[in-house]
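Trainee: Hi! I have just opened this one and I'd like a walk through it. Could you show it to me?

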Amino acid sequence: MPDLLSRPVGAHAPAAGGLATTALPHLDATAAEAVQVFVSNPRGWALSDGEPAQDEAFLAGCADRAVPSYIHASLLVNLGSPTAATVERSAATLAHGLHRGTRIGARGVVFHAGSAVDDGYAETALRQVREVLLPLLDMAAAAGGPRLLVEPSAGGGRCLAARVEDLAPYFEAVDWHPWLGVCFDTCHAWAAGHDVATAGGMGATLDALVATVGHGRLSLIHANDSKDACGSLRDRHETIGVGTVGEAAFAELLRHPATAGLPVIVETPSAGHVGHAADIATLTRLRAAPTAAPTPRTQTPRSRRSRG
Ligand SMILES: [Zn+2]
C-alpha cells in the first residue's frame, strides 16, 4: 500500500470499455499508486452518464489499493472562450465531472485554465471564469465532493494562466474560493518559459507557485517530459528523462516540500501499459533516492533548443 505522504506516482489510465474493465488493469500493470481518467470524450462535448456498476467497481478497486483518483475534464473546456456555447458546454462538462467524480470517489477534477483567444477579451474572460466557477465551487464544497483543479497551460493564444504567477488573477476572479486547487504540469510550465531543467529551476518554479497561490492550493502534479524547448509554447509530452526537461528536474520535483504528499501523474506516450510502467518506475526510483539524483544539466536554454 503506497504511503500517501511519499508522493504516490501513477498515470493517466485509458478508460474506453469502462473504468473498472480498462483503468484498473492499467493501474495494476503499471504499478501505479495514483490514477487519473477521462469520464467523457476528451476531444468532444458528449457527456456520458457512465455505467453505475463500472463506477462502483472502480471506486472499490481504488479503495482496495489505497489509490487516489482524479478526473481530467475534456480538453475542449475553455472558460475564457469568446463563444457563449463553448462557455456553456464547459460549465456543463465541469458539473458532469464533479458528479461522476463524486460517484467514483475522485479527489479532484482537473481542467485547463483556458484562453481568451485575443487580448481584447481577457477581462471578460475572467468574469466568465467567475460566473461559471463560483456556483460549481460552492456546490462541490457543500457536497464535500472533488475539488476543481485548474491546470496552467503551455501558453500562447492569450492564455488565462500559463506561467505560475498568472494564477493570481484567476484565483482573484473566484475570491480565492477554498475549493479551487492547482494541478501543476511540468511540460506546460517548461513550454510557458519556466526553465525547470536548470539546477534549482524546478524548485524556484514551485516556490513561485506557492508564493502566488499560498500553501494548500497545489493538489496534483502532472509529470511529463517535453519534446520541445523551454518557452516553445508547445505541449508535446515525452517519456520521463528522454525529453528536453530531463531526469534531474523530476528528482528536484520529488524532493521539493511543496509536493510532499501530492500524487504525481504521468501523461506520457505509452503503447498499452509499457511506457507508463517505465515512467512510473523512473519516478519511483528518483523518489527513493532523491539525494543520489543525476547531475543537473548545466547547458543554457539556447543549447537545449537545438535538441528539439
Ligand atoms: Zn497535464
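Mentor: Here it is, and we can take the questions in whatever order you like.

Trainee: What kind of model is it, and how sure is the predictor overall?

Mentor: This is a predicted model. The chain has a mean pLDDT of 92, and 92% of its residues reach 70 or more.

Trainee: Where does pLDDT stay under 50?

Mentor: That happens over residues 299-308. The model has 14 contacts beyond four places in sequence for that stretch. Where pLDDT is low, the predicted coordinates should not be read in detail.

Trainee: Okay, noted. How many helices and strands does the chain have?

Mentor: There are 10 helices and 10 strands. Eight strands form a closed barrel with parallel pairing, in the order E1-E2-E3-E4-E5-E6-E7-E10. From one strand to the next, the twist averages 30°.

Trainee: And what packs on that sheet?

Mentor: Helix H3, residues 84-104, does. Helix H3 touches strand E3 (69-72), strand E4 (108-112) and E5, and its direction makes about 155° with that of E4.

Trainee: Can we go round part of the barrel? Start with E2 and E3: over how many bridges do they pair?

Mentor: Strand E2, residues 35-37, pairs with E3 in the parallel sense over three bridges. Valine 37 stands opposite isoleucine 71 in E3.

Trainee: Which way do the residues of E3 point?

Mentor: Ser69 and Ile71 point one way, while Tyr70 and His72 point the other way. All of these are buried.

Trainee: What about E5 and E6?

Mentor: Strand E5 (residues 147-151) and strand E6 (residues 180-185) are parallel partners, with three bridges between them. Leucine 148 in that pair has leucine 180 in E6 opposite it.

Trainee: And what comes after E6?

Mentor: E6 pairs with E7 in the parallel sense over four bridges. Phenylalanine 184 has isoleucine 221 as its bridge partner in E7. Then two bridges join E7 to strand E10, residues 264-266, and those strands run parallel. Isoleucine 221 turns up again here, standing opposite valine 264 in E10.

Trainee: Why is E7 described as largely enclosed by the rest of the structure?

Mentor: Because five of the five residues of strand E7 (residues 218-222) are buried.

Trainee: Changing topic: how many residues are in the largest nonpolar core?

Mentor: The largest nonpolar core has 91 residues. Those with the most contacts inside it are Val35, Val109, Val129 and Leu148. Helix H4, residues 122-143, supplies the largest share of this core, eight residues. As background, nonpolar side chains tend to be buried together in soluble globular proteins.

Trainee: What does valine 35 touch?

Mentor: Leaving out residues up to four places away in sequence, valine 35 touches Gly10, Ala11, Ala13, Ala23, Leu27, Cys62, Val67 and Ser69.

Trainee: Could we look at one residue of H4 too?

Mentor: Try leucine 137, which lies in helix H4. Leucine 137 has 20 other C-beta atoms within 10 Å, so it is buried. Not counting residues up to four places away in sequence, leucine 137 touches Leu148, Val174, His177, Trp179 and Leu180.

Trainee: Is leucine 262 buried or exposed?

Mentor: Leucine 262 counts as buried because it has 21 C-beta neighbours inside 10 Å. Leucine 262 is found in the loop between helix H8 (247-255) and E10. Its contacts beyond four places in sequence include Arg7, Leu218 and Ile221.

Trainee: Which loop holds alanine 66?

Mentor: Alanine 66 lies in the loop between helix H2 (52-65) and E3. Alanine 66 has a positive phi of about 55° although it is not a glycine. With 13 C-beta neighbours inside 10 Å, alanine 66 counts as partly exposed.

Trainee: And aspartate 175?

Mentor: Aspartate 175 is in the loop between helix H5 (167-173) and E6. Phi of aspartate 175 is near 55°, a positive value in a residue other than glycine. Aspartate 175 counts as exposed, with 11 C-beta neighbours inside 10 Å.

Trainee: Last one: what does the chain look like as a whole?

Mentor: The C-alpha trace spans about 50 × 45 × 30 Å along its principal axes. A compact globule with 308 residues would have a radius of gyration near 19 Å, and the chain has 18 Å, which agrees. Buried residues make up 52% of the 308 residues. Among contacts between residues at least 6 apart in sequence, 78% join residues at least 24 apart.

Note on methods
Residues are numbered from 1 along each chain as its sequence is written. This is a predicted model: local features need pLDDT of at least 70, side-chain atom pairs count only at pLDDT 80 or more; totals for chains, interfaces and linings use all residues. Two strands pair if DSSP finds at least two bridges between them. Axes are lines fitted to C-alpha atoms, for helices over the stretch in contact, and angles run from 0 to 180 degrees between N-to-C directions. Two residues are in contact if their C-beta atoms, placed from the backbone, lie within 7 Å. A nonpolar core is a set of buried Ala, Val, Leu, Ile, Met, Phe, Trp, Tyr and Cys residues joined through C-beta atoms within 7 Å. A residue is buried if 20 or more other C-beta atoms lie within 10 Å of its own, exposed if 12 or fewer, and partly exposed in between; C-beta atoms are placed from the backbone. pLDDT is the predictor's confidence in each residue, from 0 to 100. The radius of gyration is taken over C-alpha atoms; the globule rule is 2.2 Å times the number of residues to the power 0.38.
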